Amino acid sequence: MKKRDQPASLDGAPASIPTATAATAVGAVVATVSLGLEAEQRIAAAAFESQNGMVLTDPAGLIVRSNKAFSQLTGYRAADLIGRPMALFNSGRQDADFYQELWATLLEKRSWQGELANKGKNGRIHTVLANIKAILSEAGVVTHYLANYVDISLAKKADLLAQRLAYYDPLTQLPNRRMLQHRLVQALAASGRSGQFGALYFIDLDNFRALNDADGHDAGDLLLVELAERLRAAVPECAIVARQGGDEFVVVHEDLAATAAEAAILAAQLGDRVRTAVDAPFYLPGQEYFCHFSVGVALLQQSDSVEVLYKHAGLALLQAKKAGGNTLRFFDPAMQAALDLRNAMEAELQQALGWQQLQLYYQPQVTSGKRVVGAEALLRWLHPLRGLVPPTEFIPLAEETGLILPLGLWVLSSACQQLKRWEGKPRLANLPLAVNVSARQFAQPDFVAQVQEVLTNTGANPALLKLELTESLVMENVGDAIGKMHELKYLGISFSMDDFGTGFSSLAYLAQLPIDQLKIDKSFVQNTPGKSSDETIARTIISMGRGLKMDVIAEGVETEAQQAFLARHGCHVFQGYLFSRPLPLAEFEAFVAQS
Ligand code: C2E
Ligand code: MG
Ligand code: MG
């Protein structure tokens, strides 16, 4: 709203009082027939002592006089109010814009009427219907403001109660179907603005009627109340939990993710949380009761209407019931299939470690003369049916599920064992080995201790171990990263910044970190020479490395032209298909022997 050059609020001292042009007095105590001064004063005094709260202020909004009803309303004695500003009653329920509007009206029309929530002496907030009028001198100048307050707190309360009954379920106190519809319309509009996906859950008890029939409605009611509480506790504060009627509950979670696939994964996780919460036994009078639930989920997106959304979640619920109940189903079959695949993969990945399906491959790092000067250990999953699963498919899943912790530890100790085995072999003995560390792994409070233990147990030389960290990992918690990196550095380990250039490293932090090497991300290398912005980035990283006394390596080098461009600008160590793909151990050892 446009700010006006007028007093900011009724409760603040007005900045300026305009000279009125109208000569008519607009005051409440105006005599039309002359009664004599003394009579007029008596009448005015009597009128002032009405049942409504009355308060008279000077043009600056400072209280001049108030009546008994006003004292009852606010809890202040009239004598204590003299000279005090109206700001005293500010409850914070009205913002600055509101008061600005009030003043604009008052100055223009000489009166204002509306609702105000004011705070009394004991902090209690009362709602009043206020009628404020300007009192003008004969010259048309404002001499006072007279406010007349009618207490409407009780009516307000009654209103709220009626509203509660109309929009909330009296048994569980959750929003009812009507409120839910209202909120869903809002949620869909919000999704339209943000482009984010949310999820709608239909939750239905599998055997509620049996409980009602066998134990009566009181037992059923108790179960519903307890269930409502558990649902509320299981979902984030921002989610809506509503009772649709009978034994049907609905949960709405907005803003899950920007893509349907991501939203489906998060929606399934939330669904699991809900199911875990309601799966525990209910303690009803005289019995421990186990009940099962079916859940139907539909993703919420801008293009849907409430009707379509209901239909989708309803169909999904039907599927869950058809599958025998006690389960969760998504509306979209493709989404369900993706979720099934992911669940299967998670279970299999858990076993992969024990079944020795994981293996390290080694990708050589070479100089311009094609001499191997190091290697990066890259994880491979040899799945009995799927074949070789690339890490890009299972590392993110492992990150999400926490499996990355045992997995990462396995990689670290396997790499260190390998370093130890190479110790006796002349060409391999001094090759540094780079190991990728994931954010979650690095964030563990005892990460440094874990690395130290692995080094002790394997007897590997720390000087040959290089940890690859990403910019985002470091930037997530710079303070923690700096501390841990220095401790690890103290053990003799070195660091390489992987995928460098793709994150948003702060140069100030970069200089503080004990980094030995910058690794130019393959996305830049791929477009050199040719794409000038990527060329510039590659060149900048190289000169930055030189300036900060860090080595630079380029990853993803596939062509001679790329290698030549990088070398021309001062990068002389490479990793990429041009030299070799990541290799199984024996092939890698043979490759080194030839180099
Ligand atoms: P990264 O650490 O940036 O690894 C480099 C990736 O680039 C590897 O993919 C490598 O095979 C690939 N690459 C190497 N040269 C070329 C080339 O010339 N052209 C192209 N197009 N690609 C090349 P990979 O093995 O599929 O690994 C992908 C990512 O998975 C890794 O990226 C790393 O972030 C992650 N990863 C792999 N192993 C581990 C591990 O043990 N732990 C963790 N936390 N992450 C790992
Ligand atoms: Mg790497
Ligand atoms: Mg990389």
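Donors of a metal are taken here as N, O and S atoms within 2.8 Å of it (3.2 Å for Na, K and Ca), and since water is not among the atoms, sites may look incomplete. This is a predicted model, in which local features need pLDDT of at least 70 and side-chain atom pairs count only at pLDDT 80 or more, while totals for chains, interfaces and linings use all residues. Residues are numbered from 1 along each chain as its sequence is written, ligands are numbered from 1 in the order in which they are written, and side-chain values use heavy atoms, with hydrogens and water left out.

Select first the two magnesium ions, ligand 2 and ligand 3, which lie 4.0 Å apart and are bridged by Asp-498. Around ligand 2, show Glu-376 (OE), Asn-436 (OD1), Glu-468 (OE) and Asp-498 (OD), the protein donors, at 2.0 to 2.2 Å from the ion. Along the chain these donors are spaced as E-x59-N-x31-E-x29-D.

Next, select ligand 1 with the 23 residues around it, of which Arg-380, Asn-436, Asp-498, Glu-558 and Tyr-577 come nearest; a residue is near a molecule if one of its heavy atoms lies within 4 Å of it. That shell divides into eight nonpolar, seven polar and eight charged residues, where Asp, Glu, Lys and Arg count as charged, Ala, Val, Leu, Ile, Met, Phe, Trp, Tyr, Cys and Pro as nonpolar, and the others, Gly among them, as polar.

Finally, display the polar contacts, that is, pairs of N or O atoms within 3.5 Å. A polar side-chain atom of Glu-558 is 2.5 Å from a nitrogen atom of ligand 1, and one of Arg-380 is 2.8 Å from an oxygen atom of ligand 1.

Methods: A polar contact is a pair of N or O atoms within 3.5 Å; within protein, one must be able to donate a hydrogen and the other to accept it, and residues adjacent in sequence count only if both atoms are side-chain atoms.
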